[in-house]
Amino acid sequence: MISSIVLQPAGEPEGYEAQLATLGLKHKHFDRILRMSEQSRREGTTKDDAKNAPGSQDYFTRVRELRHALRTELGWHPYDPLQAPLVVNEDKTVGIGVLLGDHRTGLSGSPHPRSKRPAGVTKERAVARNQNLQLPFEEPEFVEPDGSQPDADDYALMETWYLLTHRHEARETGVVTVRSELSLPDRVGPGGRVDSYQRRILLPAIEFPSVKDYAVETTGDIVVSVEER
């Protein structure tokens with residue numbers, strides 16, 4: 001595993017463990033996910049891959065490790081409405097997906113972070129359900145590969161949270177800082193981007209050594225820095 005430094009949430013008391021506990025979660029789950037995704041970004045691609053491969057590898061690892069950790073340790077289960085991957089608790093009251101945020105991610109105060117890309121119809125409907133769980137949630141029709149259709153009513157009371165992350169690589173030093181939060185969105189703003197949250201649980205930032213130094217030590221190749229997926 002890559003060596004790293006853990007930085008406490010800026011401007012926030014160390015209350016994230018207690019806040020996560022209200023959802024039946026622990027910080028260790030998310031800490032490991034972010035470490036594994038950074039490692040996959042560095043080790044899972046080569047100089048022959050497409051330039052967006054590191055970001056894509058990072059995304060796939062975040063999804064996989066989030067679902068694996070909560071499935072094996074807490075008994076949660078994967079759920080894929082219109083292939084928008086979530087992991088859901090046993091009561092089907094809490095679902096979690098992954099989302100990229102802007103430079104405000106992991107920082108307290110306003111404005112809230114915005115998603116880096118438009119939410120899309122599935123996330124927009126999830127946000128609408130978060131706004132008012134008393135309203136029926138009309139799940140887009142989706143047929144599983146075996147021909148079956150999931151029962152949307154089973155997830156009618158589910159809040160959809162997102163592990164929001166922002167990765168910054170310092171231009172001069174190459175040191176990487178990953179900030180994150182587990183947040184419950186309540187609005188999709190201009191451009192279709194999530195930009196407001198009912199609750200935000202700010203998680204400690206993780207600082208990783210320089211990408212170039214790591215690449216030279218482990219592979220001899222230069223890792224090209226690209227935008228995340």
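Two strands count as paired if DSSP finds at least two bridges between them. In this predicted model, strands β6 (residues 176-188) and β7 (residues 194-208) meet that condition with 11 bridges, in the antiparallel sense. Both belong to an open sheet of seven strands, and helices α3 and α4 are described below by their contacts with strands of the sheet.

**Sheet**
- The strand order is β1-β7-β6-β5-β4-β3-β2, and the pairing is mixed.
- At the edges lie β1 (5-7) and β2 (77-79), each of which pairs on one side only.
- From one strand to the next, the twist averages 30°.
- Strands of a sheet pair through backbone hydrogen bonds, either parallel or antiparallel.

**The β6-β7 pair**
- The antiparallel pairing of β6 with β7 runs over 11 bridges.
- Within this pair, V188 has V194 of β7 as its bridge partner.

**Helices on the sheet**
- Helix α4 (residues 120-131) packs on the sheet and touches β4, β5, β6 and β7.
- The direction of α4 makes about 65° with that of β6.
- Helix α3 (residues 53-74) lies across β2, β3 (86-88), β4 (94-100) and β5 (159-169).
- Relative to β4, helix α3 runs at about 160°.

**Residue E43**
- E43 is located in helix α2, which covers residues 27-43.
- E43 counts as partly exposed because its relative accessibility is 47%, between the limits of 20% for buried and 50% for exposed.
- Q57 is 14 residues from E43 in sequence, and their C-alpha atoms are 9.7 Å apart in space.

Terms used. Residues are numbered from 1 along each chain as its sequence is written. This is a predicted model: local features need pLDDT of at least 70, side-chain atom pairs count only at pLDDT 80 or more; totals for chains, interfaces and linings use all residues. Side-chain values use heavy atoms; hydrogens and water are left out. Helices (H or I, at least four residues) and strands (E, at least two) are DSSP runs, numbered from the N terminus. Buried means under 20% relative accessible area, exposed over 50%, partly exposed in between (1.4 Å probe, protein chains only). Axes are lines fitted to C-alpha atoms, for helices over the stretch in contact, and angles run from 0 to 180 degrees between N-to-C directions. Contact means heavy atoms within 4.5 Å.
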